[in-house]
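Here are my notes for a colleague who has not seen this entry before. Please read them with the model open.

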Amino acid sequence: MSLQACANLVSRADPERFFAAMAAPIAARAVLLPVYAASIEVARAPWLTQEPMIAEMRLQWWRDVFEEIETGRPRKHEVVDALAPVLGPKGAAALDAMVLARRWDIYKEGFNTAADVLAHVQTITLGPMLAALEALDHLPEDLSALHAHATQLGLARFLRGVPALIERKTPVWAKDQRVQIYRDLSIQALDMTRNFIRSPALIETAYCRRTLEFVRKNPGAVEVGAIPEFRIGATLARGWLAWRCG
């Protein structure tokens, strides 16, 4: 039942990752859905309160969970119940780093440079990606390509989320950099070499480069929420990746 709870959570909160998990083989879903569910719980934790101390406690709760899973004595929780049997030590460390990166959502100080953004989105996206790869026994020895995949997917997701941050009056930038920075970000991410990694854990990266290519040409679309969803292309790309990884 805990796996079904994870599936329900992911389908509601992150449809793109849900579709990616559903495109994966059935056995892989038992890994992907708990990992994605945990990342959702962490992502929303800072937004459930206006009190920084309480938000810190919510994030710390998940850091404690990952440590408990490593020691073999995890607490009872529907997401944790499904995650504990599949999470390895490297995945736990990557998810812990993801939690620390999510502290930005508490204090909302704005980014100073493009490098700051790329490091932030890479850490957040690398957490679930690496955890899933380790659990599926697909983790490569050389992580440079994985870092590129995580950066590109993380940036695509971040850029789509900018309008929501603006609506919440969350400062995205410490300085007024606006349109040009979005073009620079997309160019830097696209320039990263991302060799193919044969794993269902990478199905979620389908079509993220298309999003970045669009922003490179249309940076003004970011803050007004005008990035197309590319639903048909993304669906076809997920199917192609699922076939290639199968």
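The points below go through selected residues, aromatic rings and cysteines.

1. On the source: this is a predicted model, and the remarks that follow should be read with that in mind.

2. Glu 56 belongs to helix 4, which covers residues 52-71. Its relative accessibility is 19%, and it counts as buried because the limit for that class is under 20%. Apart from neighbours within four places in sequence, Glu 56 is in contact with Arg 103, Ile 106 and Tyr 107.

3. Thr 235 lies in helix 12, residues 231-245. With a relative accessible area of 47%, Thr 235 is partly exposed. A polar atom of its side chain is 2.8 Å from the backbone oxygen of Arg 231. Leu 185 is 50 residues from Thr 235 along the chain, and the C-alpha atoms of these two residues are 25 Å apart.

4. A search of the whole structure gives nine aromatic pairs. One of them joins Phe 111 and Phe 158 in an edge-to-face arrangement, with 6.0 Å from centre to centre and 80 degrees between the planes. This pair links distant parts of the chain, as its members are 47 residues apart. Phe 111 is in the loop between helix 7 (104-107) and helix 8 (114-135), while Phe 158 is in helix 9 (residues 144-167).

5. Both rings of that pair come from buried residues: the relative accessible area is 6% for Phe 111 and 11% for Phe 158. The two also belong to one aromatic cluster, together with Trp 104, Trp 173 and Tyr 182.

6. Two arginines are placed over tryptophan rings. The charged end of Arg 75 sits over the ring of Trp 61, at 4.7 Å from its centre. Arg 168 lies over the face of Trp 47, and here the distance to the ring centre is 4.3 Å.

7. How many disulfides does a search of the whole structure find? The result is zero. Cys 208 is in no disulfide, and the cysteine sulfur nearest to its own belongs to Cys 245, 13 Å away. Seen from Cys 245, the closest cysteine sulfur is that of Cys 208, and the 13 Å between them is too far for a bond, because a disulfide needs the sulfur atoms within 2.5 Å.

8. Are these two cysteines buried or exposed? Cys 208 is buried, at 3% relative accessibility. Cys 245 is buried as well, at 10%.

Methods
Residues are numbered from 1 along each chain as its sequence is written. This is a predicted model: local features need pLDDT of at least 70, side-chain atom pairs count only at pLDDT 80 or more; totals for chains, interfaces and linings use all residues. Side-chain values use heavy atoms; hydrogens and water are left out. Helices (H or I, at least four residues) and strands (E, at least two) are DSSP runs, numbered from the N terminus. Buried means under 20% relative accessible area, exposed over 50%, partly exposed in between (1.4 Å probe, protein chains only). Contact means heavy atoms within 4.5 Å. A polar contact is a pair of N or O atoms within 3.5 Å; within protein, one must be able to donate a hydrogen and the other to accept it, and residues adjacent in sequence count only if both atoms are side-chain atoms. Rings of Phe, Tyr and Trp (its six-membered ring) pair if their centres lie within 6.5 Å; planes under 30 degrees apart count as stacked, over 60 as edge-to-face and the rest as tilted. A charge sits over a ring if NZ of Lys or CZ of Arg is within 6 Å of the ring centre and within 35 degrees of the ring normal.
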